[in-house]
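This report walks through one protein chain and the ligand it holds. It takes the ligand shell, then the sheets, then a few single residues.

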Amino acid sequence: MNPEQIVASLKALMEAGQTPGKVLTDAADLENYGKDWTKIYPPKPVAIVLPKTTEQVQALVRFANENQVALVPSGGRTGLSAGAVAANGEVVVAFDNMNQILDFSASDRTVKCQAGVVTEQLQTYAEDNGLYYPVDFASAGSSQLGGNLSTNAGGIKVIRYGMSRDWVAGLKVVTGKGDILDLNKDLAKNNTGYDLRHLFIGAEGTLGFITEATMKLSRKPDNLTVLVLGLNDLTNTMDVLQAFQKQIDLTAYEFFSHQPWGMYWPMARCRRRSKPRLRTTRCWNLRRCPTR
Ligand SMILES: Cc1cc2nc3c(=O)[nH]c(=O)nc-3n(C[C@H](O)[C@H](O)[C@H](O)COP(=O)(O)OP(=O)(O)OC[C@H]3O[C@@H](n4cnc5c(N)ncnc54)[C@H](O)[C@@H]3O)c2cc1C
């Protein structure tokens with residue numbers, strides 16, 4: 001199939017059904033959707049497809065198999081390992097238009113989302129319902145749940161809450177063969193054999209597309225306090241971590257050297273009038289913990 005035939009077939013696939021998807025071929029769209037944060041490989045996709053339903057994703061996968069067309073799943077494109085890059089004439093399957101929250105269970109504390117729900121959207125939804133989605137990182141305003149799960153993203157609170165994998169109650173996926181699988185059925189207790197959820201989480205889209213995920217939520221922590229400590233040596237950070245862990249449950253623990261601190265300080269809106277002296281402090285420790 002030549003590129004024109006591929007685009008025509010994709011349009012026909014996306015127009016079928018009651019909720020049509022979109023196909024983009026403008027140069028600006030190809031450039032934008034063909035890359036992620038790495039920006040190492042020049043983007044060169046043939047087309048961008050924005051499906052609306054799992055069934056459309058299934059139709060795309062079947063079409064791609066029959067016609068030897070390569071598909072690249074794309075979320076918020078904040079990935080740092082070029083997994084969402086399309087540099088060789090692939091078709092990008094983007095989930096921006098599958099961004100609905102489908103269901104919420106207050107008793108199970110779960111929320112069912114389409115793959116294109118933005119991480120921050122899920123965090124806000126949880127908060128609006130008096131709960132908490134703890135997976136968090138600087139790209140949360142752009143990254144999507146499908147991308148978070150396909151990279152098994154960790155983020156700044158891993159020490160307390162674990163990775164994205166730990167918050168998945170159920171997954172809907174379209175396999176590379178074009179089958180739709182409903183994995184774990186949102187159950188908290190399920191010991192019926194293989195748990196295929198975990199094959200798709202962290203697979204970077206190599207085994208198929210995640211189209212929906214049911215995520216667990218938690219109780220919101222209260223009385224969090226942020227402490228910034230200055231250390232003379234990087235090697236001390238682990239001793240400090242251990243000392244704190246003996247006493248309290250830390251939510252986050254990060255360190256940074258004096259260079260970013262110097263860059264950050266002029267921009268920070270901080271109550272302190274003067275910048276702390278850094279002459280003897282080479283390394284800073286940031287930790288978030290409940291106040292006692
Ligand atoms: C400023 C910044 C801070 C970051 N901090 C962290 C951090 O603290 N911890 C961390 O782990 N990561 C971090 N990242 C990396 C990145 O944000 C995460 O990996 C994020 O989970 C990627 O999500 P995304 O939607 O942008 O995915 P994309 O970059 O679009 O895709 C990532 C991978 O997932 C695949 N994919 C996307 N959607 C689907 C889908 N629906 N089905 C199947 N496969 C899919 C893609 O093909 C690709 O292989 C950071 C990135 C930035 C830019």
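β3 (71-74), α5 (145-150) and β9 (208-216) each supply at least two residues of the shell around the ligand. Helices (H or I, at least four residues) and strands (E, at least two) are DSSP runs, numbered from the N terminus. The model is predicted: local features need pLDDT of at least 70, side-chain atom pairs count only at pLDDT 80 or more, and totals for chains, interfaces and linings use all residues. Residues are numbered from 1 along each chain as its sequence is written.

**The ligand shell**

α5 gives the largest share of the shell, four residues. Around the ligand there are 33 residues, and Gly75, Gly79, Gly83, Gly146 and Gly147 come nearest. A residue counts as near a molecule or strand if its C-beta atom, placed from the backbone, lies within 6 Å of it. By class, the shell has 13 nonpolar, 17 polar and three charged residues. Here Ala, Val, Leu, Ile, Met, Phe, Trp, Tyr, Cys and Pro are nonpolar, Asp, Glu, Lys and Arg are charged, and the others, Gly among them, are polar. Domain 1 (3-94) and domain 2 (101-216) each give the shell at least three residues. The domain bounds come from an automatic or database domain assignment.

**The chain as a whole**

The protein chain has nine helices and 12 strands. Of its 292 residues, 33% are buried. Buried means that 20 or more other C-beta atoms lie within 10 Å of the residue's own; exposed means 12 or fewer, and partly exposed is in between, with C-beta atoms placed from the backbone. Among contacts between residues at least 6 apart in sequence, 68% join residues at least 24 apart. A contact requires C-beta atoms, placed from the backbone, within 7 Å.

**The four-stranded sheet**

One open sheet has four strands in the order β1-β2-β4-β3, with mixed pairing. Its edge strands are β1 (22-24) and β3, each pairing on one side only. Neighbouring strands are turned by 25° against each other on average, direction ignored. Two strands pair if DSSP finds at least two bridges between them. β1 and β2 pair in the antiparallel sense over three bridges, and Val23 stands opposite Val49 in β2. On to the next pair: β2 (residues 47-50) runs parallel to β4 (residues 91-94), joined by three bridges. There the partner of Val49 is Val93.

In a regular strand the side chains alternate between the two faces of the sheet. β2 is covered on both: Ala47 and Val49 are buried on one side, Ile48 and Leu50 on the other. Helix α3 (residues 54-67) lies across β2, β3 and β4, at about 155° to β3. Axes are lines fitted to C-alpha atoms, for helices over the stretch in contact, and angles run from 0 to 180 degrees between N-to-C directions.

**The five-stranded sheet**

A second open sheet orders its five strands β5-β6-β9-β7-β8, with antiparallel pairing. The edges are β5 (101-105) and β8 (180-183), each pairing on one side only. Neighbouring strands here are turned by 15° against each other on average, direction ignored. Four bridges join β5 to the antiparallel β6 (residues 110-114). In this pair Ser105 stands opposite Thr110. Helix α4 (residues 119-128) packs on the sheet and touches β5, β6 and β9; its direction makes about 150° with that of β6. α3 appears here too, lying across β7 (168-175), β8 and β9 at about 40° to β7.

**Three loop residues**

Which residues have a positive phi without being glycine? Lys39 is one, at about 55°, and Arg77 is another, at about 60°. The table sets them beside Gly205, with neighbours counted as C-beta atoms inside 10 Å.

| Residue | Loop | Neighbours | State |
|---|---|---|---|
| Lys39 | α2 (27-33) to β2 | 10 inside 10 Å | exposed |
| Arg77 | β3 to β4 | 22 inside 10 Å | buried |
| Gly205 | α7 (197-200) to β9 | 21 inside 10 Å | buried |

Gly205 also has partners far along the chain. Leaving aside neighbours within four places in sequence, Gly205 is in contact with Pro73, Gly83 and Ser150. Gly205 and Thr151 are 54 residues apart in sequence and 8.7 Å apart in space, C-alpha to C-alpha.

Technical notes:
Contact = placed C-beta atoms within 7 Å.
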